[in-house]
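Grab your viewer and work through a few short exercises. Try each task yourself before reading its solution.

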Amino acid sequence: MRLARDRRGNTLAIMAAALVPMIGMAGSAVDMARLYVVKVRLQQACDAGALAGRRAMTDTTMSTPMESAASDQASSFFRNNFPAGWYRTANVRFTPVKASVNTDPNVANGVNATASADVPMAVMSFFRVGTQTVSVTCQAVYDVPDADVMFVLDTTGSMTCYPQDSPNCNNGSEKPATTSNGTTTYSKMESLRQSVMLFDSTVRGSTDPNTHIRYGFVTYASSVNVGRLIPSQYLQNSWTYQSRHLSPATGSGGVLPGDYAWGDPSDVRLYNVPRSYCFDQRSPASGFATSGPTWSNDRPQARRYYNTSWTSGNGGTCSGRQQPLLPYWRYEAVTWDTSAFLRTANGGNTADPTRFDGTTTSWPGCIEELNTSTASSFDVRNLPDDLNPDIVPSSDSNKWRPAWPDVVYMRDYLGPQDIRDEDTSDYYRSFRPGNYYPNAGYAICGMPARTLDTMSAQDVRNYVYDSRFKASGGTYHDVGMIWGTRMISPNGVFGATTAAWPGRQAPSRSIVFMTDGSMAPNQAIYGQYGIEVFDNRTGGQNDSQQDYDNHTARFRVECDAAKMRGITIYVVALGTDVTPDLQYCASSGQAFQAKSTESLKAAFRTIAQRVAMLRISQ
């Protein structure tokens, strides 16, 4: 009885009895954790092997086995990620095979693989639980889904320089390639050409035969050459330009009624002429000759003599004075007919309405924007027409307008001016190429843009090495981003060129935005917004800082508009810093800085690899 009531040592007995289930519980936890760790590592190794095998696979015919080179590469990557004997595993197996994934069953676009390993029990073997086999499956697809890539490329004047040059380098002509100590230095433009071609070759080498890739191009400065791509129904038949026209003159003191005025008289003397010729130069009534005008240097010049006299010396000498008849111009906003440009694919030729020497003019292909907001901030959900990537113009008074530099004239900033002769001041000249501040980039219409389309490697090369693919003008990031977004947007005027291929999902959409500088608006140039000092279409008139801020706001909100439409933006800054504005524009983690040709090529290669992503599909 005493023994029955004695509790001494009970704990030891209880612990002895509980030891067996406690070992089972702890052992199962330990061995289950080991199985989990092995399975995770086995899955990682399987994924790595499948990816490597698909990357090395060149034969995409399902009827043939996986080539040994691809199989060996897959097995090598698997072994590197799952070493033999890891966690005392044994009998490790890995088997990769070709796979047809969501495509033509006869085309191998992926690799399926299985992997397994035997895992001995560390503790549960005490309970006679034997070795466990862990198995995983994996699938890798070298998957470049149909992709649209729009290159938005800064081709402004500083792109003629070398990447390491200062922003104020001499940028009149593109600098030639130079070699020193075995290293070749190229201009920024040449670096860009090589980088675009490398991008193409990287993507092209990463795609399966059934993958569709489309490229589009927009080169930008203060304008973009997109006019030939816009359907003619969305272009206006007339527009008001900062121009000039003949001004009816009613003054006195030698000014004739009508559109002309007498220029300053000058002495003239003609030798070896008969008496009758000298007499014929006089008008009996007014003292002026009756001969009609002749044309020279855009000025009708009726040379008329008065107070003439003839002497017999030098074979006959006629002496007198002459006066030219000059146009009396008024410089101001003038509405001109543009319909002639819209009737032909190449912009046609028509008489220049601002000249009288028979000069013809044509449309180079750049445009002035739709009606423009002068705001300094914008709501991406409620954009004005000129910032809306999906706009389809419907009003006859709000369509894109042909940019017409030949009829656009600079003048004194004080306002409309009358002047007799356009040659009296540099201000009073048109933006005709080579006429107004030659080679200064004040009226740039660069390389024609291209809508999204399939392009061969030769097509890409031909585009970037076209003679028109050259650097000139000032930097307007908003101009480039507006049209890059507009041309890749799934809706709007260019929606047909961005549509998914029949029977396929919508493509991924990317903008590759490359620049070598910061925003640099200039109110005296003629560009997408007219002459800003006169037209004030973006709201920064006579205030350079406000002008800069407004253009920057437009750039930022257009980047927002692109992202809101599912477009990935890659930004590359060449020879300059990634500014806060550029960082803001780029999608997360997609801003790159390049200081040389090689680093620019590396950036484009990385972007191409991200566009053409090799991925695990299961």
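The exercises below go from the whole chain to two helices and a set of strands, all in a predicted model.

**Exercise 1. Get an overview of the chain.**
Task: find how many helices and strands the chain has, and what share of its residues count as buried.

Solution.
- Start with the secondary structure: there are 13 helices and 28 strands.
- Next, take burial, with under 20% relative accessible area as the cut-off. Of the 618 residues, 48% pass as buried.
- Then check the contacts with a separation of 6 or more: 72% of them join residues 24 or more positions apart.
- Finish with the surface. The accessible area is about 28600 Å², and carbon and sulfur atoms hold 50% of it.

**Exercise 2. Work out how H3 sits.**
Task: decide which residues of H3 are buried, and why they line one face of the helix.

Solution.
- Check the geometry: H3 covers residues 68–81, and its 14 residues reach 20 Å from first to last C-alpha, close to the 20 Å expected.
- List the buried positions: Ala70, Ala74, Ser75 and Phe78.
- Recall the helix rule: with 3.6 residues a turn, residues three or four places apart point the same way.
- Now look down the axis. The buried residues of H3 fall within an arc of 130 degrees, so they line one face.
- Flip to the other side, where Ser68, Ala69, Asp72, Arg79 and Asn80 are exposed.

**Exercise 3. Dissect H11 and its ends.**
Task: find what covers the buried residues of H11, then inspect both ends of the helix.

Solution.
- H11 runs over residues 544–564, and its 21 residues reach 30 Å, close to the 30 Å expected.
- Its buried residues include Asp547, His551, Arg554, Phe555, Glu558 and Cys559.
- Among the elements covering them are helix H8 (477–488), strand S23 (508–515) and strand S26 (567–574). Helices H10 (532–535) and H12 (580–585) also belong to that cover.
- At the start of H11, a side-chain oxygen of Asp543 comes within 3.3 Å of the backbone nitrogen of Gln545.
- Just after H11, Gly566 has a positive phi of about 75 degrees.

**Exercise 4. Place S2 among its partners.**
Task: say in which sense S2 pairs with S1 and with S3.

Solution.
- S2 (residues 110–119) is mostly covered, with 8 of its 10 residues buried.
- S1 (residues 90–99) pairs with S2 in the antiparallel sense over 8 bridges; here Ala90 stands opposite Asp118.
- S3 (residues 132–141) also pairs with S2 in the antiparallel sense, over 10 bridges. There, Asn112 faces Gln139.

Technical notes
Residues are numbered from 1 along each chain as its sequence is written. This is a predicted model: local features need pLDDT of at least 70, side-chain atom pairs count only at pLDDT 80 or more; totals for chains, interfaces and linings use all residues. Side-chain values use heavy atoms; hydrogens and water are left out. Helices (H or I, at least four residues) and strands (E, at least two) are DSSP runs, numbered from the N terminus. The expected span of a helix is 1.5 Å times one less than its number of residues. Buried means under 20% relative accessible area, exposed over 50%, partly exposed in between (1.4 Å probe, protein chains only). Contact means heavy atoms within 4.5 Å. A polar contact is a pair of N or O atoms within 3.5 Å; within protein, one must be able to donate a hydrogen and the other to accept it, and residues adjacent in sequence count only if both atoms are side-chain atoms. Accessible areas come from the Shrake-Rupley method with a 1.4 Å probe; for residues, only the protein chains shown count as cover. The arc is that of the directions from the helix axis to the C-beta atoms. Two strands pair if DSSP finds at least two bridges between them.
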